[in-house]
Amino acid sequence: MSTGPCPVQTEPTLSFTQGFIVGQISVVVILAAFIKFFIFGDPPSPDVTASLRATERRSRTLAHKQSLLTLRSQGHRHGQGLTRKKSTVLRSPPALTIGSILSKTYYNVDSHQPESLDWFNVLVGQTIAQFRSDAQHDDAILNSLTKALNGTSRPDFIDEIRVTELSLGDDFPIFSNCRIIPVDEDGISIGAGLRCDPTTAARDGTRLQARMDVDLSDMLTLAVETKLLLNYPKKLSAILPVALAVSVVRFSGTLSISFIPSNPSQSTPAMMTFNFLDDYRLDFSVRSLLGSRSRLQDVPKIAQLVEARLHKWFDERAVEPRFQEIALPSLWPRKKNTRGPDDGMGDGPGSMSRTKGKETERDPREDIRLKDSSDDVELRDASSIRRRRSWGEDDDYMMPGSLPSTRVDVR
């Protein structure tokens, strides 16, 4: 059995109470720092935020264009050209090239000045005004928004979303500075001039694109209410009411519109594509309210998260290199699509209303049926009159062809 000295045990420098106090203080400090810098921190200025987002979008667009150019160079290096063997049996009509379209419409992409779209602004204003008027008398837009917000992708920690305010604004977008430029099949601008072969432009996928500036200064507001649900450690452990109002204050950018011709061999209709260039500016005004009794109003971090989410949603759908594609219906005149006065209504000296014109249109067979029925009624009436006159109380009757004052006694 060893009789050596026992090792000296070191006493803890802090007692349990001191450690507990230090731990609680550290938690409070971390929580206070989180609330101060994460929730109540001053957001960056709108100009700085817009500049950072524009730089990010521009770098993404340049990277996409660079990747397209790299793929094209590799394709040409390996001999993967776009030339196709044409049939020598089928005789095709002369192709309508980009050069012929520009020459026949007297448009020069090099010297033509940008056009104002005042007439187009009036038409768009009338359309939006009618849309706003219809929305006042119909809850279709409200029901559609409620259904879209409460879709199948709503997370479990968010309660049902209810729309509390909807404002469609008072002003109208202003379109201006419209110009036509040639672009390739990927939507990349060819340059200031038409630096492509007009005879092979249609085969290479070159098309014309209209670009116009869009500016909107209005207040489009959507306000919703919901509840944040805490389902841990048990279901509905805590409920936090949330009210959020998002308003679009300003939008300015460049809209590009182009047409893709139909392909009868693949049964694809003509398409209209549109998107916005990456130099757009979209400003929001976000108001928030958290809590039921002690409420937090206009938390800056919530506004930043909402704005970032909305910008991401818009970038993924309608900002280059992405675009929206709409199939165009057939523009060939059809009888079923004709509206206006009926045929023959303008022959007379005066005009006739549609209702009155429909009343004058009658099938000749219907006139014959009406005439036959009237003859039957006359015959029945005449026979009944003769019977009443023959078997009435007065046995005297007029002889056919006799004078009105002559009576004949047949007794």
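**Exercise 1. A charged pair under cover**

Task: In this predicted model, decide whether arginine 53 and glutamate 307 are buried or exposed, and work out which parts of the chain their salt bridge ties together.

Solution:
- Step 1. Start with the cover: arginine 53 is buried, and glutamate 307 is buried as well.
- Step 2. Now look at the side chains. Arginine 53 and glutamate 307 form a salt bridge whose closest N and O atoms are 3.9 Å apart. The cut-off for such a bridge is 4 Å, so the pair qualifies.
- Step 3. Place each partner. Arginine 53 belongs to helix 2 (residues 46-77) and glutamate 307 to helix 7, so the salt bridge ties together parts that lie 254 residues apart in sequence.
- Step 4. For context, the whole structure holds nine salt bridges.

**Exercise 2. Two further salt bridges**

Task: Find the salt-bridge partner of aspartate 218 and that of aspartate 283, then say how accessible each of these residues is.

Solution:
- Step 1. Aspartate 218 pairs with arginine 132, with 3.6 Å between the closest N and O atoms. This pair links distant parts of the chain: aspartate 218 sits in strand 3 and arginine 132 in helix 4 (residues 118-137), 86 residues apart.
- Step 2. Check the cover against the cut-off for buried, which is under 20% relative accessible area. Aspartate 218 has 12%, so it is buried. Arginine 132 has 14%, so it is buried too.
- Step 3. Turn to aspartate 283, whose side chain meets that of arginine 281 in a salt bridge of 2.9 Å, N to O.
- Step 4. Aspartate 283 has a relative accessible area of 22%, so it counts as partly exposed. Arginine 281, at 25%, is also partly exposed.
- Step 5. A general idea sits behind these pairs: side chains of opposite charge can pair when their charged atoms come close.

**Exercise 3. Strand 4 and its partners**

Task: Which strands pair with strand 4, and over how many bridges?

Solution:
- Step 1. Begin with strand 3 (residues 207-230), which pairs with strand 4 (residues 238-260) in the antiparallel sense over 20 bridges. To find this pairing in the model, look for aspartate 213, which stands opposite threonine 254 of strand 4.
- Step 2. Strand 6 (residues 281-290) is another antiparallel partner of strand 4, joined to it by 10 bridges. Here phenylalanine 251 stands opposite leucine 282 of strand 6.
- Step 3. Strand 5 (residues 271-276) also pairs with strand 4, antiparallel and over six bridges. Isoleucine 260 faces methionine 271 of strand 5.

**Exercise 4. Inside the nonpolar core**

Task: Which residues have the most contacts inside the largest nonpolar core, and which elements give two or more residues to it?

Solution:
- Step 1. The largest nonpolar core has 20 residues, and Phe175, Met212, Phe251 and Phe314 have the most contacts inside it.
- Step 2. Two or more residues come from each of strand 2 (174-183), strand 3, strand 4, strand 6 and helix 7 (300-318). Helix 7 gives the largest share, four residues.
- Step 3. Zoom in on phenylalanine 251. Leaving out residues up to four places away in sequence, phenylalanine 251 touches Val214, Asp215, Leu216, Phe276, Tyr280, Arg281, Leu282 and Phe314.
- Step 4. As a general rule, nonpolar side chains tend to be buried together in soluble globular proteins.

**Exercise 5. A nonpolar patch outside**

Task: Which residues make the nonpolar surface patch of about 560 Å²?

Solution:
- Step 1. The patch is made by Phe16, Phe20, Ile21, Ile25 and Val29.
- Step 2. To place one of them, valine 29 is found in helix 1 (residues 16-39).
- Step 3. Set this beside the whole chain, which exposes about 31400 Å², with carbon and sulfur atoms supplying 58% of that area. Of the 411 residues, 23% count as buried.

**Exercise 6. Backbone details**

Task: Where is the cis peptide bond, and what is the phi of tyrosine 106 and of asparagine 177?

Solution:
- Step 1. The bond from glutamate 320 to proline 321 is cis, with omega near 10°. Proline 321 lies in the loop between helix 7 and strand 8 (324-327).
- Step 2. Tyrosine 106, not a glycine, has a positive phi near 55°. This tyrosine is in the loop between helix 3 (98-104) and helix 4, and its relative accessibility of 73% makes it exposed.
- Step 3. Asparagine 177 also has a positive phi, about 55°, without being a glycine. Asparagine 177 lies in strand 2 and is partly exposed at 29%.

Notes
Residues are numbered from 1 along each chain as its sequence is written. This is a predicted model: local features need pLDDT of at least 70, side-chain atom pairs count only at pLDDT 80 or more; totals for chains, interfaces and linings use all residues. Side-chain values use heavy atoms; hydrogens and water are left out. Two strands pair if DSSP finds at least two bridges between them. A nonpolar core is a set of buried Ala, Val, Leu, Ile, Met, Phe, Trp, Tyr and Cys residues joined through side-chain atoms within 4.5 Å. Buried means under 20% relative accessible area, exposed over 50%, partly exposed in between (1.4 Å probe, protein chains only). Contact means heavy atoms within 4.5 Å. Accessible areas come from the Shrake-Rupley method with a 1.4 Å probe; for residues, only the protein chains shown count as cover. Patches are made of residues with over 30% relative accessible area and no salt bridge: like charges are joined within 9 Å, nonpolar side chains (Val, Leu, Ile, Met, Phe, Trp, Tyr) within 5 Å.
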